[in-house]
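Hi,

Here is the structure I promised to send over. Have a look at it first, and my notes follow underneath.

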Amino acid sequence: RLEFTADDVIEHLDHKGITTGNNSALGAIMQAAQRMGIITNTGHFKESRRPVQHSKPLRIWRSNIYKKRGRKS
């Protein structure tokens, strides 16, 4: 995806059968990806879809490496 939240990442990992006992490390991973230039903070937020988060606002990130499928470069 061009833009995504931590919920999207967790959902994708779950779909792939990848689980963790604790998703709290995801914030540090996102910050590291930002420092590496892989993603950019959009400055926008979206409410979490996960009940355990109680509609907590989640940062929306933009991928700097996303390439739409079928698109010629």
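Helices and strands here are DSSP runs, with at least four residues for a helix and at least two for a strand, numbered from the N terminus. Counted that way, the protein has two helices and three strands, and along the sequence they come in the order β-α-α-β-β. Bear in mind that this is a predicted model.

Some overall numbers: the C-alpha atoms fit a box of roughly 40 × 30 × 20 Å along the principal axes. Of the 73 residues, 21% count as buried. The accessible surface is about 5800 Å², and carbon and sulfur atoms make up 53% of that. Among contacts with a separation of 6 or more, 51% are between residues 24 or more positions apart.

Now the pockets. The largest pocket has a volume of about 430 Å³. Its lining consists of 14 residues, with Arg1, Phe4, Asp8, Val9 and His12 nearest the centre. Helix 1 (residues 6-15) gives the most to that lining, namely five residues. By type, the lining of the largest pocket splits into six nonpolar, three polar and five charged residues.

The second largest pocket holds about 300 Å³ of space. Around it are 16 lining residues, and Ala6, Leu26, Gly27, Lys56 and Leu58 lie nearest its centre. Helix 1 turns up here too, since helix 1, helix 2 (26-35) and strand 3 (57-63) each supply at least two residues of this lining. The lining of the second largest pocket comprises eight nonpolar, five polar and three charged residues.

Cheers

Technical notes. Residues are numbered from 1 along each chain as its sequence is written. This is a predicted model: local features need pLDDT of at least 70, side-chain atom pairs count only at pLDDT 80 or more; totals for chains, interfaces and linings use all residues. Side-chain values use heavy atoms; hydrogens and water are left out. On a 1 Å grid over the protein atoms alone, a cavity is a set of points where a 1.4 Å probe fits but cannot get out, and a pocket is an open set with protein on both sides within 12 Å along at least five of seven lines; lining residues have an atom within 4 Å of a point. Grid points are joined across faces, edges and corners, and a volume is the space filled by probe spheres set on the points. Ala, Val, Leu, Ile, Met, Phe, Trp, Tyr, Cys and Pro count as nonpolar, Asp, Glu, Lys and Arg as charged, and the others, Gly among them, as polar. Buried means under 20% relative accessible area, exposed over 50%, partly exposed in between (1.4 Å probe, protein chains only). Contact means heavy atoms within 4.5 Å. Accessible areas come from the Shrake-Rupley method with a 1.4 Å probe; for residues, only the protein chains shown count as cover.
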